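Colleague: Thanks for making time for this one! Could we go through the chain together, from its overall layout down to a surface detail?

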Amino acid sequence: EETVVNKDGYTLTVTYSVDGAASETGAISNVTVTANDTSMVAYKNEYTKIPPTTGNLKITKTIEGNLNKEEIAGDLTFTVKNAQGNVIGTYTVGQNFTKTAEGKYELTINGVEVGTYTVEEKVVNKDGYTLTVTYSINGATSEAGAISNVEVTADNTAMVAYKNEYKEIPPTTGTLKITKTI
């Protein structure tokens with residue numbers, strides 16, 4: 001009998017052969033040893049890596065426009081749902097996200113199950129500004145909208161990059177000057 005050692009992240013298949021016969025699966029073998037003879041049992045352990053079942057999801061947020069970014073950041077939230085529609089988390093820019101040197105906000109959710117996830121931004125409209133929301137998945141062409149679907153694959157990081165562009169609405173009133181000459 002062979003003492004089997006399992007390794008995390010691997011499956012183990014043990015086979016043996018008695019006196020060169022066909023291999024059998026198992027860690028216990030029955031051998032008959034006769035007088036003045038040698039019997040040989042050959043064991044083989046085959047470790048197979050178990051494929052990963054999780055990946056990571058990275059969300060980045062860029063805010064552009066003539067406004068106080070820190071003030072608006074605390075109002076921006078993202079809800080992430082799995083393929084079954086279950087919420088796996090709600091994350092707030094300025095709280096759960098890390099601000100980079102470039103002024104972006106980043107969040108990585110590690111160890112999520114492989115599958116499709118819906119990322120939805122709760123947009124914040126500010127008086128006096130128009131808002132355009134776009135997103136890009138894994139560096140692809142940007143699309144308009146606050147809801148994206150991103151595929152997380154095993155041992156990889158799926159990325160969805162959101163951008164909010166705030167543009168100041170020009171005033172709709174002006175000054176009227178009236179002059180009278182007599």
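Colleague: Which pattern does the protein chain follow, read along the sequence?
Modeller: Keep in mind that this is a predicted model. The secondary structure comes to one helix and 13 strands. Read along the sequence, the pattern is β-β-β-β-α-β-β-β-β-β-β-β-β-β.

Colleague: Is the chain more spread out or less spread out than a compact globule?
Modeller: The C-alpha atoms fill a box of roughly 140 × 25 × 25 Å along the principal axes. For 182 residues the globule rule gives 16 Å, but the radius of gyration is 31 Å, well over that, so the chain is more spread out than a compact globule.

Colleague: Nice. What is the strand order in the open sheet of six strands?
Modeller: The pairing in this sheet is mixed. Its edge strands, each pairing on one side only, are S7 (98-99) and S11 (143-144). From one edge to the other, the order is S7-S8-S4-S13-S10-S11.

Colleague: Which residue in S8 stands opposite Thr 98?
Modeller: S7 and S8 (residues 105-113) run antiparallel, joined by two bridges. Opposite Thr 98, the residue in S8 is Glu 106.

Colleague: And on the surface, why does Tyr 10 count as partly exposed?
Modeller: Tyr 10 lies in strand S1 (residues 10-18), and with Val 5 and Tyr 47 it forms a nonpolar surface patch of about 260 Å² of accessible area together. Buried would mean under 20% relative accessible area and exposed over 50%. Tyr 10 is partly exposed because its relative accessible area is 34%.

How values were computed. Residues numbered from 1 in each chain as written. Predicted model: local features only at pLDDT ≥ 70, side-chain atom pairs only at ≥ 80, totals over all residues. Heavy atoms only, no water. Pairing = 2+ DSSP bridges. Helix = DSSP H or I, 4+ residues; strand = E, 2+ residues; numbered from the N terminus. Patch = residues over 30% accessible without salt bridge, like charges linked within 9 Å, V, L, I, M, F, W, Y side chains within 5 Å. Areas by Shrake-Rupley, 256 points an atom, 1.4 Å probe, with all protein chains shown as cover. Salt bridge = Lys/Arg side-chain N within 4 Å of Asp/Glu carboxyl O. Buried < 20%, exposed > 50% of the residue type's maximum accessible area, 1.4 Å probe, protein only. Rg over C-alpha atoms; globule rule 2.2 N^0.38 Å.
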